[in-house]
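Please open the model in your viewer and keep the sequence panel beside it, since the tour moves from one selection to the next. At each stop there is something to select and a short account of what is there.

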Amino acid sequence: MIVVTGRMRIAPEHRERFAEVSTEMCRRSREEAGCHGYRVYADLEQDGRYVIVEEWADDAALQSHFSEPYTREFLTALLPLLAEPADALFHTVASTRRLDPERGLVPLD
């Protein structure tokens, strides 16, 4: 699995537009084959900071996502909304476990 974390700061005057374009990007991305999750989260401690968390089955699914026209449209719309350069990190995950309150860490079924 590939997990992508995109971190960004959006100026107050652009937050409504950011919500529009990022919500649409999430919806369309989750429709793609190989997308296990795509969400935007607001940082509760730092006003105007957001994190996009993407989960992809593999590198092929991620590369296919980047070839979609709406991905380029999103990035083009995002750039003028940024208060500073964004940061994107790509993580390759070897295994995933879930925290069970009674049993501790357990493998996903």
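Begin by selecting Arg49, which counts as partly exposed because its relative accessibility is 25%; buried here means under 20% relative accessible area, exposed means over 50%, and partly exposed lies in between, with a 1.4 Å probe and protein chains only. This is a predicted model in which local features need pLDDT of at least 70 and side-chain atom pairs count only at pLDDT 80 or more, whereas totals for chains, interfaces and linings use all residues. Residues are numbered from 1 along each chain as its sequence is written, and side-chain values use heavy atoms, with hydrogens and water left out.

Add Glu84 to the selection, and the side chains of Arg49 and Glu84 are seen to meet in a salt bridge of 2.9 Å, N to O; the term requires a side-chain nitrogen of Lys or Arg within 4 Å of a carboxyl oxygen of Asp or Glu. This pair links distant parts of the chain, with Arg49 in strand 3 and Glu84 in the loop between helix 3 and strand 4, 35 residues apart. Helices (H or I, at least four residues) and strands (E, at least two) are DSSP runs, numbered from the N terminus. Glu84 is partly exposed, with a relative accessible area of 29%. Now include Arg9 as well, as salt bridges that share partners join Arg9, Arg49 and Glu84 into one network.

The structure holds eight salt bridges, and two others are worth a selection. In helix 1, choose Glu24 and Arg27, which lie three residues apart, about one turn of the helix, and whose side chains meet in a salt bridge of 2.6 Å, N to O. Glu24 is partly exposed at 35% relative accessibility, and Arg27 is also partly exposed, at 37%. Then move to Asp100 and Arg103, whose side chains meet at 3.3 Å, N to O, in another salt bridge; Arg103 is exposed, with a relative accessible area of 60%.

Next, turn to the aromatic rings. How many aromatic pairs does a search of the whole structure find? There are three, where rings of Phe, Tyr and Trp (its six-membered ring) pair if their centres lie within 6.5 Å, and planes under 30 degrees apart count as stacked, over 60 as edge-to-face and the rest as tilted. Select Tyr38 and Trp56, whose ring centres are 6.5 Å apart and whose planes stand at 85°, so the pair is edge-to-face. Tyr38 lies in strand 2 and Trp56 in strand 3, so the pair ties together parts that are 18 residues apart in sequence. Tyr38 is buried at 3% relative accessibility, and Trp56 is buried with a relative accessible area of 0%.

For another pair, select Phe66 and Phe90, whose ring centres are 6.3 Å apart with planes at 50°, so this pair is tilted. Phe66 is in helix 2 and Phe90 in strand 4 (residues 87-92), 24 residues apart. Phe66 is partly exposed at 33% relative accessibility, and Phe90 is partly exposed at 46%.

Stay with Tyr38 and Trp56 and add Glu54, which is in strand 3. The side chain of Glu54 makes a polar contact of 3.4 Å with that of Tyr38, and a polar contact of 2.9 Å joins the side chains of Glu54 and Trp56; such a contact is a pair of N or O atoms within 3.5 Å, where, within protein, one must be able to donate a hydrogen and the other to accept it, and residues adjacent in sequence count only if both atoms are side-chain atoms. Glu54 is buried yet has no salt bridge, and the nearest side chain of opposite charge, Arg30, is 11 Å away; for charge, Lys and Arg count as positive and Asp and Glu as negative, while His and the chain ends are not counted.

Finally, select Glu32, in the loop between helix 1 (15-30) and strand 2 (35-42). Glu32 is likewise buried without a salt bridge, and Arg28, the nearest side chain of opposite charge, is 7.9 Å away. A polar contact of 2.6 Å joins the side chains of Glu32 and His65.
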